[in-house]
Amino acid sequence: MDLKEQVTKIAEDNLSDENHFLVDVVISSSKGPKKILVLLDGDQGVTIDDCADLSRAIGNELEEKGLIEEAFRLEVSSPGVDYPLQSIRQYKKNIDRSVKVIPKEGKDVKGILRSADETKIVVDQEVKKGKKTEYKEVEIPMSEINKTIVQISFK
């Protein structure tokens with residue numbers, strides 16, 4: 001089992017409750033100490049305390065088991081607004097929010113995420129007709145999605 005798999009298992013074993021889930025584990029070592037980034041999300045969001053608790057648990061277990069011999073930096077945070085949705089659970093959490101879907105081929109689709117399952121998502125795509133904005137329901141297979149980003153509105 002490689003380090004990413006080990007950190008993922010440790011993190012999953014130390015989640016504080018079933019509302020929390022891992023989005024990603026990224027390990028990099030370009031310059032200086034190895035950096036381990038654990039992205040945590042939750043059905044009702046995550047707090048700084050949730051991140052700190054998980055960070056302590058992962059750090060303690062990594063040291064106890066001696067999985068990393070050299071110096072390392074461990075960071076646990078929630079994914080930023082620019083981080084693409086990774087799991088079906090994240091899609092479901094963001095239903096009724098504005099999204100930008102970037103397909104593997106074709107034009108981007110912007111609109112309101114209406115539903116999501118393991119095979120597809122449904123988006124009410126904005127269609128401008130003169131001064132009017134209408135919505136057209138678009139079904140997008142998961143296999144055709146390159147990435148989906150939640151759009152933040154400052155209106």
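Read along the sequence, the chain of this predicted model follows the pattern α-β-β-α-β-α-β-β-β-β-β. In total, its secondary structure comprises three helices and eight strands. The points below describe the chain as a whole and then the packing of helices α1 and α2.

**Overall dimensions and surface**

- The C-alpha trace of the chain spans about 65 × 30 × 30 Å along its principal axes.
- The chain has 155 residues, of which 35% are buried.
- About 9900 Å² of the chain is exposed, and carbon and sulfur atoms supply 46% of that area.

**Contacts along the sequence**

- When contacts between residues at least 6 apart in sequence are considered, 49% of them join residues at least 24 apart.

**Packing of helices α1 and α2**

- Two packed helices are described by the angle between their axes and the distance between the axes.
- Helix α1 covers residues 3–13 and helix α2 covers residues 48–65; the two pack at an angle of about 130°, and their axes lie 9 Å apart.
- That angle makes α1 oblique to α2, because it falls outside the ranges that count as roughly parallel, roughly antiparallel (over 145 degrees) or roughly perpendicular (65 to 115 degrees).
- The crossing of α1 and α2 is right-handed.

**Residues at the contact of α1 with α2**

- From α1, the residues Val7, Ile10 and Ala11 take part, and they meet Leu54, Ile58, Glu61 and Leu62 of α2.
- By class, the residues of this contact divide into six nonpolar and one charged, with no polar residue.
- The charged residue is Glu61, which belongs to α2.

Methods: Residues are numbered from 1 along each chain as its sequence is written. This is a predicted model: local features need pLDDT of at least 70, side-chain atom pairs count only at pLDDT 80 or more; totals for chains, interfaces and linings use all residues. Side-chain values use heavy atoms; hydrogens and water are left out. Axes are lines fitted to C-alpha atoms, for helices over the stretch in contact, and angles run from 0 to 180 degrees between N-to-C directions. Helices (H or I, at least four residues) and strands (E, at least two) are DSSP runs, numbered from the N terminus. Angles under 35 degrees count as roughly parallel, over 145 as roughly antiparallel, 65 to 115 as roughly perpendicular and the rest as oblique. A crossing is left-handed if the near helix is turned anticlockwise from the far one by less than a right angle, and right-handed if clockwise. Contact means heavy atoms within 4.5 Å. Buried means under 20% relative accessible area, exposed over 50%, partly exposed in between (1.4 Å probe, protein chains only). Accessible areas come from the Shrake-Rupley method with a 1.4 Å probe; for residues, only the protein chains shown count as cover.
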